[in-house]
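Okay, everyone, thanks for coming. I'll put the model up and walk you through the parts I'd like you to look at.

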Amino acid sequence: MDSKSTSYETAINMSETESTKQKSSSAAPIIATTKTISHNQKGGWRRGVSIFDFILRLCALVTTLAAATTMGTTEETLPLFTQFFQFQASYDDLPAFSYFVVANAIASAYVVLSLPFSIVCIVRPHLVGAKLVLLILDTVMVAFTTAAAAAAAAIVYLAHNGNSTTQWVAICQQFGDFCQRVSGAVVASFIAAFIFIILVVFSAVTLRRHN
């Protein structure tokens, strides 16, 4: 009886050991598959943000380029009785408008140069270095475009309303087309600054999720 019971218990222990090994070996692929799925989901989320980042950069390129070209081609001459006495308004008569054109032109060039980095972030969504560089430069562009738009907006306000205290006359009653064009350029620059702010926020959130 003792030999039979011993052999029976040994068979049970061997069968339990084999079943335990099978369960552990089957659990390992499940865990690996779960980790792979979660990794792919995170990569897909970051890739979607990078695609949206690329689209926003195209919008920023359109707005900054429109602001620079509109302001840079704005001038108006008042028709008078003789060709020797004419009143002309041009963007380069005011330093704030000249700075506005240069700032938005630099922002346009930066956006063009940043597009390849944005494409790299779409292909490799887990790449941190390129996103960090874009975050820093986008922050600089926010300050750059905001300063240019604010300086030009102050001049546009004076052109529309004047200032009775300093005896500055509102010129938009005479130079209507000039004022409309420079006002549109300022609005486009503010839109570009807002787009850069959104780019900074998205880059910061993406980098935060990497940690």
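So, arginine 57: buried or exposed? Buried, because its relative accessible area is just 1%, and the cut-off for buried is under 20%. Keep in mind that what you're looking at is a predicted model.

Now, what does arginine 57 pair with? One partner is aspartate 53, through a salt bridge in which the closest N and O atoms are 2.7 Å apart. Those two sit in helix 1, four residues from each other, about one turn of the helix. As a reminder, an α-helix has 3.6 residues a turn, so residues three or four places apart point the same way. Aspartate 53 is buried as well, just like arginine 57.

The other partner is aspartate 138, whose side chain meets that of arginine 57 in a salt bridge at 2.6 Å, N to O. Arginine 57 belongs to helix 1 and aspartate 138 to helix 3, so this pair ties together parts that are 81 residues apart in sequence. Aspartate 138 counts as buried because its relative accessibility is 0%. Put together, Asp53, Arg57 and Asp138 are linked in a network of salt bridges. And how many salt bridges turn up in a search of the whole structure? Two.

Staying in helix 1 for a second, have a look at serine 50. Serine 50 has a relative accessible area of 5%, so it's buried too. What does serine 50 touch, if you leave aside neighbours within four places in sequence? Ser118, Cys121, Ile122 and Lys131.

Okay, zooming out. The protein has four helices and two strands, and along the sequence the pattern reads α-β-β-α-α-α. Out of 211 residues, 32% count as buried. If you take the contacts with a separation of 6 or more, 77% of them are between residues 24 or more positions apart.

On to the membrane side. The unreviewed UniProt entry annotates "transmembrane region" at residues 54-74, 94-120, 132-159 and 185-207. In the model, the 94-120 span is 96% helix and 0% strand, and its end C-alpha atoms lie 41 Å apart. For 185-207, we get 100% helix, 0% strand, and 33 Å between the end C-alpha atoms.

Helix 2 is a fun one. It has 29 residues and runs 43 Å from the first C-alpha to the last, close to the 42 Å expected at 1.5 Å a residue. So where does helix 2 bend? At serine 114, by about 30 degrees, and proline 116 follows within four residues.

Just past that, valine 128 is in the loop between helix 2 and helix 3. Valine 128 is partly exposed, at 37% relative accessibility. Its C-alpha is 7.0 Å from that of leucine 207, although the two are 79 residues apart in sequence.

Last thing: confidence. The average pLDDT is 78, with 73% of the residues scoring at least 70. Which helix comes out lowest, and which highest? Helix 1, residues 2-72, is lowest with a mean of 63, while helix 2, residues 95-123, is highest at 93. Over residues 1-40 the pLDDT is below 50, and that stretch has one contact in the model beyond near neighbours in sequence. Where pLDDT is low, the predicted coordinates shouldn't be read in detail. Okay, that's me done.

Note on methods
Residues numbered from 1 in each chain as written. Predicted model: local features only at pLDDT ≥ 70, side-chain atom pairs only at ≥ 80, totals over all residues. Heavy atoms only, no water. UniProt positions renumbered as here; feature names shortened; annotations may be inferred. pLDDT = per-residue confidence, 0-100. Contact = heavy atoms within 4.5 Å. Buried < 20%, exposed > 50% of the residue type's maximum accessible area, 1.4 Å probe, protein only. Salt bridge = Lys/Arg side-chain N within 4 Å of Asp/Glu carboxyl O. Expected span 1.5 Å × (residues − 1). Bend = angle between axes of the 7 residues up to and from the residue.
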